[in-house]
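Here is a walk through a model with several chains, written for someone meeting it for the first time. Take a look at the picture, then read on.

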Amino acid sequence: MAIAKKALVWGLFAAGGTVSSFLFPFLIALFLLVALGATPEGLQYETIRGFASSWLGKLTVFGVLFLSLWHAAHRLRVVCHDFGIRADGAVAVIVYSLATVGTLLAAWYLLAIS
Amino acid sequence: MSRNPYVRPISKTTWYLRNGRFRIYALREVTCLLVGFYSFLSIFALRALWQGADSWNAFLASQQSTPMVLFHAFALVYFFIYQTVGWFQLAPKAMPLMMGEKKVAASTIVLGHYLVWALVSLFLLWFVGVI
Amino acid sequence: MSTRQLELEILRYDPEKDEEPYFQNYSVPCQDDWAILDAVNYVKENLDTTLAYRWSCHMMVCGSCGMMINGDPKLTCKTFVRDLPDKVRIEPLENFPIERDLVVVLDDVIEKLHRVKPYIIRKDPAPENEEFNQPRSALMKFKQYTMCINCMCCYSACPQYGLNPEFIGPAALALAHRYNIDSRDQGKSERLDILADHDGVWDCSFVGACSEVCPKSVDPAAALQQMKVDGAMEWWKRKMGFPGGDS
């Protein structure tokens, strides 16, 4: 009898859900504005590059993406279970691998921007 | 002891279609696909940013199409209703606050969430120069 | 007082005779102020004495009379015919094996109620020769979770329990939470070993149906989410080497 490792993933899921609930409407709105051709000032190359070069910018963006990726991964695992896909072990490996890939890419690109 | 209990079969793949409560739950849970999608789209954006001004501008240009406008508009509404609103409504259950002998009303906690969301969103919109 | 004719479609099953359950129809003249339980009692007394079902207090405190009314788990003594259409489908509580007619096998949940250690666990001795005082604010924190009458409507509503009968489930977990947040209890860490293990709180995906159907407003969904937070924090506490704390 012990506390299952699911406790860790659930924590990330909960944090990611909170973060994405607050921030993703804004994020999606940004993409919508870009798609409409109304790209805001802050997304001009030099401005956003400046933001992403700062450590505050890197940490914030990484934090948001990291939590959101793991939130989506864990939730997708539950969704698959709910929709009848019972091979939970395999599903877990796939979704958490995707989240890991996303995390590593986000870290790599953010570190590389200067 | 049970003599010959009968176990009623449940569909493992369509149970969520059975009533309104479950259908809303299913619609709520699939917002994870949107969270995943926009996370990876943001990562693509980061890649373009890293590669330089031309890549970045090309990425921005690639977003400018009618299907993308429609998709983002749909995603914004769907996400707001089924993730943000849903999450805020459930938040009081996970965070019981006591004021002396009384529980803080759930509606107060929900209102607090919307307030913070509005303030954060307004700040961010100002930060990127939309307002 | 006028009567209204209700057409009841009741699921029957005789374990010694039937291969499968089947529906049987009864036409019942109902008074305005009747609960659906009164209609079922009418069937038993006047139309078909072979009908088997559980009921007792008829006042929403014993938890015996839970049944599916038109697909929703309800206490039949709390569901009034004036709120129901003319055709009512009555089935035994979902997600449980049927013993006979409207009686279900509840052994599984009884075992789970025991499993979660639903009693005050002390590490320090209780005060001797004096009352163990608990301020009212401490009581109000957990009072709602004491209101459970074990009617098991929440288990019927919970799709995760339906998909995985190993899941400890809403009522048992809410009961455990009642003790976890009782200021006199020091057993949270010990209980979390059971509650935050497999088949425990992590099987819950916060559908919330349990709280919606609970006739006593216990809100098991809230208890469960709070326990997930407790479980997550406890996991980190143990990883970082803090000994399991008490409540």
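## A first look around

Ser11(B) counts as exposed, because 12 C-beta neighbours sit inside 10 Å of it. The cut-offs behind that word go like this: a residue is buried if 20 or more other C-beta atoms lie within 10 Å of its own, exposed if 12 or fewer, and partly exposed in between, with C-beta atoms placed from the backbone. Ser11(B) lies in the segment before α1 (20–29) of chain B. From Ser11(B) to Leu111(B) there are 100 residues in sequence and 38 Å in space, C-alpha to C-alpha.

Some ground rules before going further. This is a predicted model, in which local features need pLDDT of at least 70 and side-chain atom pairs count only at pLDDT 80 or more, while totals for chains, interfaces and linings use all residues. Residues are numbered from 1 along each chain as its sequence is written, and chains are lettered from A and ligands numbered from 1 in the order in which they are written.

## Chain A

Chain A has 4 helices and 0 strands; helices (H or I, at least four residues) and strands (E, at least two) are DSSP runs, numbered from the N terminus. Is chain A more spread out or more compact than a globule? Its radius of gyration is 17 Å, well over the 13 Å that the globule rule gives for 114 residues, so chain A is more spread out than a compact globule. That radius is taken over C-alpha atoms, and the rule is 2.2 Å times the number of residues to the power 0.38. Along its principal axes, the C-alpha trace of chain A spans about 55 × 30 × 20 Å. Of the 114 residues in chain A, 44% are buried.

## Where the chains meet

Chain A touches both of the other chains discussed here, B and C. A contact means that the C-beta atoms of two residues, placed from the backbone, lie within 7 Å. For the classes in the table, Ala, Val, Leu, Ile, Met, Phe, Trp, Tyr, Cys and Pro count as nonpolar, Asp, Glu, Lys and Arg as charged, and the others, Gly among them, as polar.

| Side | Nonpolar | Polar | Charged |
|---|---|---|---|
| Chain A, touching chain B | 32 residues | 10 residues | 4 residues |
| Chain C, touching chain A | 6 residues | 3 residues | 5 residues |

Between chains A and B, 46 residues of chain A are in contact with 45 residues of chain B. Two or more residues of chain A's side come from each of α1 (6–35), α2 (45–53), α3 (55–82) and α4 (88–112) of chain A. The largest share there, 16 residues, belongs to α1(A).

Between chains C and A, 14 residues of chain C are in contact with 11 residues of chain A. On chain C's side, α7 (188–195) and α9 (220–239) each supply at least two residues, and α9(C) gives the largest share, 6 residues.

How do two packed helices get described? By the angle between their axes and the distance between the axes. The axes of α1(A) and α9(C) come within 8 Å and cross at roughly 115°. Axes here are lines fitted to C-alpha atoms, for helices over the stretch in contact, and angles run from 0 to 180 degrees between N-to-C directions. Ala7(A), Leu8(A), Trp10(A) and Gly11(A) in α1(A) meet Lys228(C), Gly231(C), Ala232(C) and Trp235(C) in α9(C).

## The sheet in chain C

Chain C has an open sheet of 5 strands, ordered β2-β1-β5-β3-β4, with mixed pairing. Two strands pair if DSSP finds at least two bridges between them. At the edges sit β2 (22–31) and β4 (72–75) of chain C, each pairing on one side only. Neighbouring strands of this sheet are turned by 35° against each other on average, direction ignored.

Strand β1 (residues 3–12) of chain C pairs with β2(C) in the antiparallel sense over 10 bridges. Along that pairing, Gln5(C) stands opposite Pro29(C), and Arg4(C) stands opposite Cys30(C). β1(C) and β5(C) run parallel and are joined by 4 bridges; Leu8(C) has Val88(C) in β5(C) as its bridge partner.

## A covered helix

Helix α6 (residues 170–180) of chain C is mostly covered, with 11 of its 11 residues buried. Among them are Leu173(C), His177(C), Arg178(C) and Tyr179(C). The cover over these buried residues includes α7 and α9 of chain C.
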